Amino acid sequence: MTSVVETLSAPTEPACVPATLRIGQLGLGNVGSALARLTASAGERLHPHGIAPVTTVALVRSLSRPRPAAAWVGRVTDDPEVFFAQPLDLVVEVIGGVEPAHSFVRRALDRGIPVVTANKSLVAAHGETLSALARRRGTALRYEASCIAGVPFLGTFERRPLASRVHGLTAILNGTSNAILSAVAAGASFQEALDDAQRRGLAEPDPSADVSGRDAAEKLTLLIRRFGQRLIDVDRLRTEGITALDSIDVRAARALGGALKPVAHASWNTGALQAFVGPAFLSDAHPLARVSGVTNGIVLDAPLGRQCYTGPGAGPDVTAVTLLDDLCELAGERHVRTPAPIEAAPASPRWTLETPWFIRLSGNPPALDTSELLGTYRIWCRQLLPVEGRLYALTFPATPDRIKAGIDAVHAATGSWPLALPALPAEDDAC
Ligand SMILES: NC(=O)c1ccc[n+]([C@@H]2O[C@H](COP(=O)([O-])OP(=O)(O)OC[C@H]3O[C@@H](n4cnc5c(N)ncnc54)[C@H](OP(=O)(O)O)[C@@H]3O)[C@@H](O)[C@H]2O)c1
């Protein structure tokens with residue numbers, strides 16, 4: 001039994017009573033289930049930070065399907081009115097798509113409830129107006145998990161206006177496309193690689209947004225807003241998918257000293273916004289050339305030098321960690337901080353920059369004649385390589401217009417079906 005003396009002489013640390021954080025979760029699918037499980041299990045690590053998160057309610061589309069994650073949630077409902085009738089400290093949106101996610105997020109922000117989301121489609125389409133609404137209501141919208149979910153960099157740069165002065169970026173933003181091209185490089189066919197990605201849960205049942213480049217284009221839209229202070233319409237971004245590539249292209253790229261990667265690129269150092277999404281040739285010296293599998297990466301071109309970040313881009317568990325960290329960060333702030341407005345202006349992205357090109361010509365046209373014909377369009381070949389019945393070329397820099405005119409001429413002269421991909425320069429300071 002503890003004596004009175006012992007009690008009196010014991011250190012008198014005040015007991016820390018963590019504040020309950022009532023979370024309303026919009027969506028309880030792949031990411032939502034991982035988040036509900038993490039929220040229920042992360043208590044021990046979060047209590048020392050003064051936070052005890054509880055998933056009070058989750059909104060779903062249909063109550064009829066079996067839902068093991070319901071065990072970690074106070075109440076699951078398919079009725080938005082029931083959801084919004086609960087007392088909530090924070091809302092997290094993991095429904096996906098634009099509507100009804102947009103209306104629900106508006107409704108929460110309008111009431112002054114902070115919102116965290118993993119939804120790049122929503123942020124690409126309405127990020128600016130939702131952030132403005134959050135500011136007006138003295139609350140916050142966080143979307144760290146919507147782009148390279150496993151690398152928390154957006155929030156860091158938001159708090160560091162000097163470090164975030166960059167004039168361009170190159171990134172691998174879609175893990176599924178990167179995993180497919182990496183598997184093709186390792187010997188699989190495109191279809192085998194896609195089937196495998198779906199079997200492993202990396203690709204959606206409908207992988208069209210991944211392989212068409214749409215997913216990466218939406219993420220690039222929000223990166224251009226964050227770092228380039230420009231608002232663009234995702235539909236006006238030059239976007240190509242990886243479906244036109246095959247294993248011979250990937251082998252040819254390797255023989256030419258590089259790799260084909262699903263790239264998102266933007267630069268604004270000349271004033272005009274230059275941007276594209278699509279497969280590109282990266283020489284082995286490029287910091288993203290060896291970013292393989294589902295890993296994502298981003299290279300920021302800053303006045304004081306390049307910065308590179310790589311890490312997991314998707315996956316329910318990775319995404320859940322970033323969402324819960326965002327939630328805890330908001331809860332830990334005494335008053336929810338309204339970030340300074342980004343002050344982005346509308347812009348039209350173009351792709352007119354001179355770059356080297358990786359060109360594929362089917363039907364194995366004669367190398368010398370092809371090189372001469374391209375030369376009449378001022379396209380100079382640095383390397384020419386016949387591979388398995390095709391001719392591949394790496395060129396010196398040329399504008400997209402000149403490349404199009406040149407390969408159209410080769411097509412007219414030889415019947416060959418050409419493909420041209422930008423070959424992005426490596427810079428010397430690889431990360
Ligand atoms: N999967 C990843 O690795 C990953 C990574 C980063 C970001 N994200 C983003 O996270 C978000 C969620 O992705 P996910 O893979 O978890 O999607 P998901 O598995 O399809 O889950 C969506 C959830 O939203 C619910 N829902 C759909 N429509 C609804 C509606 N009209 N009303 C109410 N609830 C509705 C669904 O209800 P039911 O359960 O009843 O169908 C489901 O619970 C997306 O924005 C995605 O881009 C995903």
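At what angle do helix α14 (residues 367-375) and helix α15 (residues 400-414) pack, and how far apart are their axes? I started my notebook with that one, keeping in mind that this is a predicted model.

**Entry 1: α14 and α15**

I looked up the pair and found an angle of about 135°, with the axes 9 Å apart. I therefore noted α14 and α15 as oblique to each other. The crossing of α14 past α15 is right-handed. Next I listed who makes the contact: α14 brings T370, L373 and L374, while α15 brings G406, I407, A409, V410 and A413. By residue class I got 6 nonpolar, 2 polar and no charged.

**Entry 2: α8 and α9**

I moved on to helix α8 (residues 175-185) and helix α9 (residues 190-199), whose packing angle is about 135° with axes 9 Å apart. These two helices, α8 and α9, are therefore oblique to each other. I also wrote down that α8 passes α9 in a right-handed crossing. On the α8 side I found T176, I180, A183 and V184 in the contact, and on the α9 side F190, A193, L194 and A197. Sorting the residues of this contact gave me 7 nonpolar, 1 polar and no charged.

**Entry 3: α2 and α13**

Which residues of α2 and α13 make the contact between them? Before listing them I checked the geometry. The axes of helix α2 (residues 30-41) and helix α13 (residues 316-332) come within 8 Å and cross at roughly 60°. An angle counts as roughly perpendicular from 65 to 115 degrees and as roughly parallel under 35, so α2 and α13 go down as oblique. I recorded a right-handed crossing for α2 past α13. Now the list: N30, V31, A34, L35, R37, L38 and T39 come from α2, and P316, D317, T319, A320, V321, L323 and L324 come from α13. This contact splits into 9 nonpolar, 3 polar and 2 charged residues.

**Entry 4: the second largest pocket**

I turned from helices to empty space. The second largest pocket holds about 350 Å³. I counted 20 residues in its lining, and those nearest the centre of the pocket are H265, S267, D301, P425 and E427. Which elements give two or more residues to this lining? I found four strands named there: β7 (168-172), β10 (258-267), β12 (295-302) and β13 (305-312). The lining of this pocket divides into 6 nonpolar, 10 polar and 4 charged residues.

**Entry 5: the second largest cavity**

How many cavities of 30 Å³ or more does the structure hold? I found 3, and I picked the second largest for a closer look. About 90 Å³ of space lies in this second largest cavity. Its lining has 17 residues, with S177, G213, A216, P262 and V277 nearest the centre. I noted that α10 (208-211), β10 and β11 (274-283) each give two or more residues to this lining. Of these, β11 gives the most, with 3 residues. I sorted the lining of the second largest cavity into 9 nonpolar, 6 polar and 2 charged residues.

**Cross-check**

I went back over two names that had come up in more than one entry. Strand β10 gives residues to the lining of the second largest pocket, and β10 also gives residues to the lining of the second largest cavity. S177, one of the residues nearest the centre of that cavity, falls in the stretch 175-185 of α8.

Key:
Residues are numbered from 1 along each chain as its sequence is written. This is a predicted model: local features need pLDDT of at least 70, side-chain atom pairs count only at pLDDT 80 or more; totals for chains, interfaces and linings use all residues. Side-chain values use heavy atoms; hydrogens and water are left out. On a 1 Å grid over the protein atoms alone, a cavity is a set of points where a 1.4 Å probe fits but cannot get out, and a pocket is an open set with protein on both sides within 12 Å along at least five of seven lines; lining residues have an atom within 4 Å of a point. Grid points are joined across faces, edges and corners, and a volume is the space filled by probe spheres set on the points. Ala, Val, Leu, Ile, Met, Phe, Trp, Tyr, Cys and Pro count as nonpolar, Asp, Glu, Lys and Arg as charged, and the others, Gly among them, as polar. Axes are lines fitted to C-alpha atoms, for helices over the stretch in contact, and angles run from 0 to 180 degrees between N-to-C directions. Angles under 35 degrees count as roughly parallel, over 145 as roughly antiparallel, 65 to 115 as roughly perpendicular and the rest as oblique. A crossing is left-handed if the near helix is turned anticlockwise from the far one by less than a right angle, and right-handed if clockwise. Contact means heavy atoms within 4.5 Å.
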